[in-house]
Amino acid sequence: MTGRPAGVGQLLEVTDLRVTYGGVVAVDDVSLHVAEGEVVGLIGPNGAGKSSFIDGLTGYLPRRGGHVEFEGRSLDGLATYAVARRGLVRTFQSVELFDDLTVEENLLVAAERPRLVTMLRDLVLPSRPEGVDDVAWARMLCELDDVAHRYPQELSHGQRKLVGVARALAQRPRLVLMDEPAAGLDTEESLAFGRRLRSLPGHGVSVLLVDHDMGLVLSVCDRIVVIDFGKVIASGTPEEIRADEAVIAAYLGGVDARH
Ligand SMILES: Nc1ncnc2c1ncn2[C@@H]1O[C@H](COP(=O)(O)OP(=O)(O)OP(=O)(O)O)[C@@H](O)[C@H]1O
């Protein structure tokens, strides 16, 4: 159901991932891959298992089955911080920023370990130009330079969401898993966010995007995987997903059954 034969060379390869809560099977043997440079969407109606999938994938919840490989190496049994260190970093639905720290300081905290590496690297390679550290890079990508010295309470909801994304980027991920990054953004903010997101592969960052904003997902993703009741029901290009009858039925069914 992943839309391509199993093989090597994927950045992320998830095989038959299973996540349960007691007797509830939230993720029922879901397989999915992300290749280098791809923006892949993971969508599904409310309660389909999207967040549980990300939690199981990144080690926030125990996996009851399946395997996760990243850059050809197994992530099975790794703690969340070790997964992030490998370059697989996630954002959360609710952005928990440090209110008494500025935007810049929030990013510095996120990038603490990489910055230590940066300092050591700078000692060895003093010619490295100033200002291209990980925090500045994340700020630049999320266009947060103008608010770098503001506090989170002074920002709009959309800007706070962007700081959450920048915090993930400041860790220099190879792949960022975004859990509903556009929730609460207005149309204009969502469009701007989509443009920034689309630029990430050009900076060496691939993306797995979970979001309810279908306009955003359909416009920025190379491929989309759709789950419902914990199972993959479709995968393909945005055009294929738009026309897929199982997807249409799941979302139309969702209007009656889930809201
Ligand atoms: N802590 C929990 N305890 C028990 N069941 C849970 C728990 N969290 C989620 N579930 C159940 O697992 C299933 C998948 O939920 P999940 O939150 O992963 O779906 P989702 O697709 O992310 O939904 P949404 O789009 O609403 O965020 C649902 O049936 C949900 O009720």
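How many bridges join S3 to strand S8, and which way do the two run? Keep that in mind as you go through these notes on a predicted model.

1. Here's the answer to that opener: S3 and S8 (residues 206-210) run parallel, and 4 bridges join them. If you want a spot to look at, find Val39, which stands opposite Val207 in S8.

2. S8 isn't the end of the story for S3. Strand S9 (residues 223-228) also pairs with S3 in the parallel sense, over 4 bridges. Here the residue to find is Gly41, which stands opposite Ile224 in S9.

3. Now, how many residues of S3 are buried? S3 covers residues 39-43, and 5 of its 5 residues are buried. Try sorting them by face: Val39, Gly41 and Ile43 sit on one side, while Val40 and Leu42 sit on the other, and both faces are covered. As background, side chains in a regular strand alternate between the two faces of the sheet.

4. Let's move to a helix. Ser190 lies in H7, which spans residues 187-199. Is Ser190 buried or exposed? Its relative accessible area is 8%, and buried means under 20%, so Ser190 counts as buried.

5. What does Ser190 touch? Leaving out residues up to four places away in sequence, Ser190 touches Ala182, Leu185, Asp213 and Leu216. Click on each of those in the viewer and you'll see who surrounds this serine.

6. One last distance to try yourself: Ser190 and Val34 are 156 residues apart in sequence. In space, C-alpha to C-alpha, Ser190 and Val34 are 23 Å apart.

How values were computed: Residues numbered from 1 in each chain as written. Predicted model: local features only at pLDDT ≥ 70, side-chain atom pairs only at ≥ 80, totals over all residues. Heavy atoms only, no water. Buried < 20%, exposed > 50% of the residue type's maximum accessible area, 1.4 Å probe, protein only. Contact = heavy atoms within 4.5 Å. Pairing = 2+ DSSP bridges.
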